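Reader: Please take one part of this model and go through it closely. I would like a connected account rather than a list.

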4 protein chains.
Amino acid sequence: MTAKKFAGIIPPLCTPFADDFTVDTESLRRHIEFQLDAGVHGVFVLGSSGEVAFIPDAQRRVVIETAVDQVAGRVPVLAGCIDMTTQRVAEHVKTAEAAGADAVVITAPYYTRTHVAEVDRHFRLLHERTALPIFAYDIPVAVHTKLDRNLVLDLAEAGVLAGLKDSSGDEAGFRFVLKGRRERGLDQFSVFTGSELLVDAALALGADGAVPGLGNVDPVGFVLIYDHCRSGNPLAARREQERLLTLFGIVDVAPPSRMGRGSAALGAFKAAMKMRGFIDNAVTAPPQLPLNDDELLRIKEKLAETGLL
Amino acid sequence: MTAKKFAGIIPPLCTPFADDFTVDTESLRRHIEFQLDAGVHGVFVLGSSGEVAFIPDAQRRVVIETAVDQVAGRVPVLAGCIDMTTQRVAEHVKTAEAAGADAVVITAPYYTRTHVAEVDRHFRLLHERTALPIFAYDIPVAVHTKLDRNLVLDLAEAGVLAGLKDSSGDEAGFRFVLKGRRERGLDQFSVFTGSELLVDAALALGADGAVPGLGNVDPVGFVLIYDHCRSGNPLAARREQERLLTLFGIVDVAPPSRMGRGSAALGAFKAAMKMRGFIDNAVTAPPQLPLNDDELLRIKEKLAETGLL
Amino acid sequence: MTAKKFAGIIPPLCTPFADDFTVDTESLRRHIEFQLDAGVHGVFVLGSSGEVAFIPDAQRRVVIETAVDQVAGRVPVLAGCIDMTTQRVAEHVKTAEAAGADAVVITAPYYTRTHVAEVDRHFRLLHERTALPIFAYDIPVAVHTKLDRNLVLDLAEAGVLAGLKDSSGDEAGFRFVLKGRRERGLDQFSVFTGSELLVDAALALGADGAVPGLGNVDPVGFVLIYDHCRSGNPLAARREQERLLTLFGIVDVAPPSRMGRGSAALGAFKAAMKMRGFIDNAVTAPPQLPLNDDELLRIKEKLAETGLL
Amino acid sequence: MTAKKFAGIIPPLCTPFADDFTVDTESLRRHIEFQLDAGVHGVFVLGSSGEVAFIPDAQRRVVIETAVDQVAGRVPVLAGCIDMTTQRVAEHVKTAEAAGADAVVITAPYYTRTHVAEVDRHFRLLHERTALPIFAYDIPVAVHTKLDRNLVLDLAEAGVLAGLKDSSGDEAGFRFVLKGRRERGLDQFSVFTGSELLVDAALALGADGAVPGLGNVDPVGFVLIYDHCRSGNPLAARREQERLLTLFGIVDVAPPSRMGRGSAALGAFKAAMKMRGFIDNAVTAPPQLPLNDDELLRIKEKLAETGLL
């Protein structure tokens with residue numbers, strides 16, 4: 001294996017639900033087709049945008065199996081194995097393997113107070129248990145630990161990590177990882193940004209790709225950014241990214257006084273996905289709160305403003 | 001039901017493991033007998049001290065079943081149903097019900113960014129699904145949300161919550177809850193502190209009891225504090241609590257530069273439990289790190305210093 | 001010097017202003033007389049409640065001079081020397097010395113990112129520059145550093161610190177300081193709580209006294225708690241403290257959506273002080289926002305409810 | 001005034017001290033000449049890198065006067081007016097005016113717990129008091145408040161703010177400010193990044209310039225980045241920025257276990273400045289700790305590695 005395996009736009013797919021909060025597999029399949037039609041280079045199921053924190057284990061399995069079946073090898077399927085500590089994550093990894101995922105995505109431990117030496121041990125133990133490529137998922141807003149950049153590079157060098165999805169918002173730290181990758185000759189280590197509003201900038205820094213939550217709503221836009229960057233047209237990439245900045249305003253239509261930022265963002269993504277015909281039902285899992293009619297109207301306006309409706 | 005159901009010392013039991021990290025049920029049974037012999041008024045399994053964040057679901061079930069069987073109705077068994085969001089918690093509640101627990105203990109949502117209105121909805125939805133008494137578990141160090149005191153009182157008044165375990169470290173806020181309980185006439189709402197170094201103070205403020213992690217090591221000490229407080233002997237209670245302050249030094253024998261505070265505390269509790277003969281094996285679950293020989297020696301010295309060895 | 005110098009109730013005096021935000025010295029003098037009439041055992045000027053962060057240096061000097069002159073030796077006057085780092089604090093210490101203060105109160109460095117070794121050096125350097133007793137002021141909500149308890153005890157043992165005002169809200173840590181003081185025989189080291197809602201509890205743990213912001217509004221109440229505790233009547237102390245818990249509700253009449261918690265608390269203290277006739281003008285310094293009429297009315301009701309109007 | 005007034009590389013000058021921590025004006029003048037020779041487009045004195053938090057007021061004045069005198073109108077001189085609240089900042093603004101600064105740089109209030117409405121009032125009141133252009137300084141690591149991006153734009157639109165120095169590390173938020181500036185037609189509002197490791201990226205997003213602390217050590221590098229970006233050579237800019245990433249390693253030669261991150265970074269900057277002949281004395285103000293010989297050696301190596309020695 002000499003070629004790099006993962007690159008491009010790999011959206012963290014939202015998980016459509018029926019009214020009883022079971023996975024709406026038909027909508028999921030349709031959503032995947034919209035994504036593949038848009039030219040995405042992979043899909044990531046059961047990430048934070050996929051409401052992984054809200055989905056019981058049996059339903060998580062359904063999500064991976066459905067995605068693997070629908071994608072049918074056309075692009076890689078990454079599966080989030082999100083849980084608090086090693087043994088619990090290991091069970092999700094086993095599920096992902098059985099379901100045919102191409103890679104697993106794993107965060108630092110959480111709920112417990114941890115330490116860099118424990119994060120190190122966590123990833124090493126999980127690597128021992130699976131042949132699947134492991135992506136480290138750096139998401140301090142959820143797990144309240146920032147991955148140490150030297151640890152990430154050491155684990156890449158040791159063959160423990162195949163990639164990084166950096167949703168930490170620390171772009172300077174991200175740059176150090178890219179620099180370290182080059183200096184250590186870790187060409188096969190894939191580095192993705194989760195900063196969906198800075199994809200053009202991240203690609204300019206040398207990132208391999210992006211995992212943009214907003215790609216659920218407008219995958220074409222992110223693929224365009226990627227293509228513009230690869231063809232040496234940074235200004236066109238920037239223009240496209242700035243349109244998506246406007247679109248991102250949908251996550252703020254519900255005010256912080258009324259609901260959590262998770263509810264607001266995922267509710268907005270799903271509402272927009274429904275308006276665009278990707279899924280049938282915009283419901284988010286409990287205890288998240290639903291958007292109201294006024295908020296939905298403003299989402300519709302944003303979609304119109306950005307040429308999506 | 002007019003009498004208050006829960007009061008006294010209810011230690012959050014550590015979960016003894018075999019070397020393969022399955023539950024050592026024999027040690028768990030023996031540990032429970034030591035606790036009951038010491039006069040504790042209940043046991044709480046699968047709390048943070050019980051390494052709930054580290055235990056796969058099937059093994060969690062074993063813990064509850066073993067505890068319920070061993071306790072055999074002598075005191076109430078509370079079971080932690082610790083997970084990120086409503087549906088996942090609901091599955092643990094179902095398990096706890098099936099296993100015969102007397103109450104369930106539930107935190108605010110975590111991993112996701114939440115909101116007081118969502119925390120409210122979370123507890124209400126879970127109450128709809130179970131007849132078991134629900135304790136709210138306020139532990140911001142783990143879930144990064146502090147429970148709002150007015151929400152707690154409103155949920156108590158609505159019959160959603162049967163009790164509170166406050167491990168927030170916010171003693172002034174705790175006092176507001178106690179005051180609100182009295183003013184609203186919520187006599188059956190049980191209020192426990194998790195601040196194991198301030199049990200005498202919390203009881204003096206009007207708390208019903210305590211859930212002290214250190215009770216795994218010295219349950220007799222905490223029962224003494226409780227008895228002294230009830231018999232109007234605050235000075236004796238304080239003396240006992242101060243001895244336990246010394247004992248608590250065991251959680252600091254491993255330095256923060258070497259491991260997380262969770263590893264250090266749980267490793268110390270388990271090591272001391274083993275030295276006292278409560279359990280056979282002091283191992284903690286991965287990715288936690290083990291104490292070294294020097295650290296174990298210092299734990300032994302602390303046990304001697306406080307009259308436990 | 002064998003007797004302990006500082007004990008009892010030492011309120012952190014609010015600083016009354018004229019409409020142009022210069023110090024209203026006449027009101028300050030009257031306020032001090034109300035405090036001394038109530039039996040307080042010292043006064044602390046230029047603390048957080050004294051809006052020290054808002055007052056230019058020349059006006060800070062006026063506050064200390066006025067307080068020293070008005071108190072005229074009846075009780076000790078402590079002066080806050082609140083600034084970011086050593087040299088800037090040293091200038092305030094010099095002013096306090098010149099103005100005749102009996103002790104100075106100093107926080108950890110802030111604005112800069114600091115370290116325990118630097119906090120240590122900070123207090124040692126300041127001690128070298130003054131013969132005045134130094135109180136360490138532990139207030140992480142303002143300076144975003146928690147004082148290390150072992151550092152505090154080491155500095156006490158080295159004669160650098162004469163006392164501690166603990167407004168950290170960490171009552172367990174406070175207890176460790178009290179325990180360490182006893183174990184190290186540091187009888188002359190004065191330990192005060194700033195947790196105004198837990199004064200009875202702190203005294204029961206062995207604290208020497210309290211520095212309660214709410215004492216600006218009801219000094220008699222806090223002196224009563226102190227006297228009840230000293231005369232072995234904890235239940236009467238608790239009853240009084242619980243009345244003050246109700247009174248403390250004034251800090252919440254202005255909602256967090258409208259203004260900062262500082263504006264709300266200091267605005268409420270000053271409004272209540274004015275209603276009680278202690279000061280002429282309830283204005284707080286910019287950029288703090290004023291309370292509105294409805295909020296003032298609710299403060300009046302709280303004063304009536306707690307027997308103060 | 002139709003042209004934009006501020007653009008380019010404006011380093012936040014370190015303040016050289018004599019051994020008694022008074023300002024070494026001769027070194028300051030020499031350092032400024034090195035900066036101007038390198039082609040910087042302005043200088044910013046008394047920022048965080050200038051140890052403003054450590055310098056008494058009289059010495060702060062010396063810094064501004066010296067800089068204004070030495071620069072002699074060749075580029076604009078921005079002066080940090082860093083203090084906790086409005087009235088205290090106003091005094092610094094008055095000093096800056098008297099000393100001839102071209103603009104003042106002001107943070108959100110700190111020490112006190114504040115609110116967006118109070119931050120708004122803070123800047124408006126200060127604007128009423130001075131004709132100097134005001135830059136908002138967004139530096140949550142120091143003041144623990146993030147400036148709200150809509151507030152910044154509103155204040156720009158109201159003519160209160162002339163510019164922004166964004167050291168928040170939130171590049172997505174920075175991009176929203178740039179977008180809002182364009183949409184609102186605020187062409188004269190200057191937007192600078194303080195993210196010294198992402199200057200090329202920030203310029204690509206549309207920023208007017210940068211305020212890089214590392215520019216104290218290598219101003220030529222940052223001017224090159226600026227020039228490359230303006231002449232449409234992003235790859236050359238990136239290469240230069242990556243060299244500076246390597247150089248930035250000097251801030252990590254002293255480990256976090258030994259000193260604060262402020263001591264480590266400012267100590268490293270000053271040591272490098274001395275090695276390069278810009279200043280005579282690398283001492284930092286108390287209570288900061290000095291670097292040791294081994295750490296200084298590693299700084300020298302980094303300078304050699306990056307072509308500066």
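Author: Across the interface of chain A and chain B, 4 salt bridges are found in this predicted model. One of the salt bridges joins the side chains of Arg88(A) and Asp83(B), with 3.4 Å from N to O. Polar contacts between chain A and chain B link 23 residue pairs, counted where both residues have pLDDT 80 or more. On chain A, the side that touches chain B draws at least two residues from each of α2 (57-71), α3 (86-99), α4 (116-129), α5 (140-143) and α11 (261-275). Sorted by class, that side of chain A comprises 24 nonpolar, 16 polar and 11 charged residues. In contact terms, 51 residues of chain A meet 51 residues of chain B. The two chains bury about 4,100 Å² between them, and carbon and sulfur atoms account for 57% of that area.

The account now turns to chains C and D, beginning with a helix of chain C. α3(C) is made up of 14 residues. From its first C-alpha to its last, α3(C) reaches 20 Å, close to the 20 Å expected at 1.5 Å a residue. The helix is mostly covered, with 10 of its 14 residues buried. Those buried residues are Thr86(C), Gln87(C), Arg88(C), Val89(C), Ala90(C), His92(C), Val93(C), Thr95(C), Ala96(C) and Ala99(C). Within chain C, the buried residues of α3(C) pack against α2 (57-71), β3, β4 (103-107) and α4 (116-129). They also pack against α2 (57-71) and α3 (86-99) of chain D. Just after α3(C) comes Gly100(C), which has a positive phi of about 95°.

On the other side of the helix in sequence is Thr85(C), placed in the loop between β3 (77-80) and α3 (86-99) of chain C. Thr85(C) counts as buried because its relative accessibility is 0%, and the cut-off for buried is under 20%. Leaving aside residues up to four places away in sequence, Thr85(C) touches Thr112(C) and His122(C) in chain C, and Ala53(D), Phe54(D), Pro286(D) and Pro287(D) in chain D. With Ala53(D) there is also a polar contact: the side chain of Thr85(C) reaches the backbone oxygen of Ala53(D) at 2.6 Å. Thus the loop residue Thr85(C) and the buried residues of the helix α3(C) are both placed against parts of chain D.

Key: Residues numbered from 1 in each chain as written. Chains lettered and ligands numbered in written order. Predicted model: local features only at pLDDT ≥ 70, side-chain atom pairs only at ≥ 80, totals over all residues. Heavy atoms only, no water. Helix = DSSP H or I, 4+ residues; strand = E, 2+ residues; numbered from the N terminus. Buried < 20%, exposed > 50% of the residue type's maximum accessible area, 1.4 Å probe, protein only. Polar contact = N/O pair within 3.5 Å; in protein donor to acceptor, adjacent residues only side chain to side chain. Contact = heavy atoms within 4.5 Å. Buried area = accessible area lost by both parts, 1.4 Å probe. Nonpolar A, V, L, I, M, F, W, Y, C, P; charged D, E, K, R; others polar. Expected span 1.5 Å × (residues − 1).
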